[in-house]
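Dear colleague,

I am passing on the structure below, which you have not worked with before. Please have it open while you read the notes that follow it.

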Amino acid sequence: MTIRAYVLRRLALAVFVLLGIASITFVMARIVPSDVARTYVGGNARPEQIAEAEKILGLDKPLYEQYAIYMKGLVTGDWGESLRTKRPVLDDIIHFFPSTLELVVAALIVATVFGIILGVTTAHMRGGWLDHFMRLFSTAGVSIASFWLALMLQILFFRMLGWLPVAGQTSITVAQAHPITQITGMHVVDALITGNWVAFWDAGRHFILPVITLAAYPMGVIMRMTRSSMLEAMGLDYIRMARAMGVPPRTLLYKAALKNALGPVFTVVGLTFANALTGTFFVELIFAWPGLGYYATTSILGSDYPAIVGVTVMIAFVYVIANLVVDIAQAVVDPRIALR
Amino acid sequence: MEVAQTARLADWRVRHQSSIDEARYNVRVFFKDKLAVAGLIIIVFTIVVAFIGPWIAPYPEQGRGESNISERLQAPSSKHLLGTDNYGRDVLSRVIYGARIPLLISFVTTAAIVLIGVPIGGIAGYYGGKFDEVVMRICDVFLAFPSLILAIVFVAFLGPSIRNAMIAIVLSWWPWYTRLVRGMAVSLRERPYVEAAKTMGVGDFTIIARHILPNSFGPVIVQMTLDIGTVILAAAGLSFIGLGAQPPVADWGLMISEGREYVLDQWWIGAFAGLAILILVLAFNLVGDGLRDVLDPRSKR
């Protein structure tokens, strides 16, 4: 298979998967016993008000027609109206998305950099006490409940040390004195590109704890993967040969072995994207971070079904696109992947 | 009678000598991994504590949910080793009782996930064709979405409760096992012994049950051990958001949620429950790693 055919096939699969997720969500949303129309008009509504709400929401039509309308809406950008905010769901999502993107990308960068450094180090020290300790450390990273870690970090860095703010994206005083011009919607990035240093420092300080929390799981996974694929690379013939010929260990480790080990590591980075996205549901709730995860959990607790459906489809979209990019990038770097 | 039994046992020993040796070797390899053994001890300890909770908890009635407002929000002391929560309940008793739901949820749902996912994967991989194609495309859809988020969305629609949390987790997790077993079934069906069984007229069902599934046993057990930990985290997460265990039940995830409001001053309400989750999930992951080295040595960690 050529790269082109591979890309086309992956694209087709991506579209199929998105339609599938949208359909599953539709089925779930339609077999719910709870009363969508009642949530829309409020608890004490009269029967005729509920009937009218059903008409507005299209619930009086046959199921296949509802499905067609739903799918058409998703494609054309009409994602319905939030039952709580009474605003179009898509507008809400576009408003909340940049904050989440900022968190997830930063967390994955931190996780990848530290995960690879620690993974290489432990592979080098294989079998020593540091290696054992780091195995425990990286396993703890994938065993910790992110919402608990978030709370413990708040106790440590806010309550005990007083170094970092407890929650939110900016301090009110700073936001009033040095308002951030919205360009991308990402606070830290916007403050940086507009040269608003006071706000950048402030937003950056608010950024640290959520990023550490989100990075814990991916870092554990990446560290383990780096260690094992480094050990495997160190066993390859030409590297053993190079060692036998007296190439210094440092050059061997970072130049020859690491290059070979990075392939599987980046596959794992793509996979941990799912964990980082999931983590935002908890982390944003605890750090009062107005992103997609926060919007999702508050919608779920408020039985805001159109919003839940919208967020689900959006997350599916982001996740599928991210995986597509990772897969294609890998196929370009290593054409053997496209042949499988 | 006894002689016949001993003879039969000896005969069985001779015929299964290689399997016995292999099992002995595997056990020895597993027990060489000190961290895995530590994990195993922690798991057994937690299960025992969950069972004998009513007898060892200092305040069993508070473990079951009874409040004691006069002693609310007390710091750890000799009377309440881990302090009390906002209803005055002894946190140590709550942590002991709180082991039950995570263990129950994780064992039951993981078993259900395997019972659903493994046979579907075995059948799809063995027969191939249209059924395989359909099953794999369904798996593609499920696996192309973060499983826990899918579970959260399912519970959001089903309504919050432990039962619904379990249903949601099963619904969103089974495809992982289907894909795992399907891949092995595809390679196993070409093996000479399966071909031989086929030529001898052994039925498809028997081949799947006797040759395909038992040979994918190792990786499935490893994956299960690791997933029990993941499911404990998932269930705790659902409870934390308010979609799983409901008050006044003692559950670690719920305890962290209840302690969240007080976390900056009365940190002990949620801290110990989260520590318990960390230790138990860590234990399952260490055992899973140890088992993988034994049962599935080709895969890497």
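To begin with one residue, is B:Leu73 buried, partly exposed or exposed, judged by the other C-beta atoms within 10 Å? Please keep in mind throughout that this is a predicted model. B:Leu73 has 15 other C-beta atoms within 10 Å, and because a residue needs 20 or more to be buried and 12 or fewer to be exposed, B:Leu73 is partly exposed. This leucine lies in the loop between helix H4 (60–63) and helix H5 (91–97) of chain B, and its phi is near 55°, which is a positive value in a residue other than glycine.

Chain A offers another residue of this kind, namely A:Ala288, whose phi is positive and near 45° although the residue is not glycine. A:Ala288 is found in the loop between H12 and H13 of chain A, and with 13 C-beta neighbours inside 10 Å it counts as partly exposed.

A further backbone feature belongs to chain B, where the peptide bond from B:Pro247 to B:Pro248 is cis, with omega near 10°. B:Pro248 lies in the loop between helix H12 (217–241) and helix H13 (252–260) of that chain.

Turning to chain A as a whole, there are 15 helices and zero strands, and the C-alpha trace spans about 85 × 55 × 35 Å along its principal axes. Of its 340 residues, 39% count as buried, and among the contacts in chain A with a separation of 6 or more, residues 24 or more positions apart account for 70%.

Within that chain, A:Leu262 has its place in helix H12 (residues 249–286) and counts as partly exposed, with 17 C-beta neighbours inside 10 Å. A:Leu262 and A:Val174 are 88 residues apart in sequence, and their C-alpha atoms are 42 Å apart in space.

Finally, the two chains meet: 43 residues of chain A are in contact with 37 residues of chain B. On the chain A side, the elements that give two or more residues include helix H6 (129–143), helix H10 (197–234), H12 and helix H14 (305–333), while H1(A) gives the most, with eight residues. By class, the side of chain A that touches chain B has 28 nonpolar, eleven polar and four charged residues.

With best wishes

Definitions and conventions. Residues numbered from 1 in each chain as written. Chains lettered and ligands numbered in written order. Predicted model: local features only at pLDDT ≥ 70, side-chain atom pairs only at ≥ 80, totals over all residues. Helix = DSSP H or I, 4+ residues; strand = E, 2+ residues; numbered from the N terminus. Contact = placed C-beta atoms within 7 Å. Nonpolar A, V, L, I, M, F, W, Y, C, P; charged D, E, K, R; others polar.
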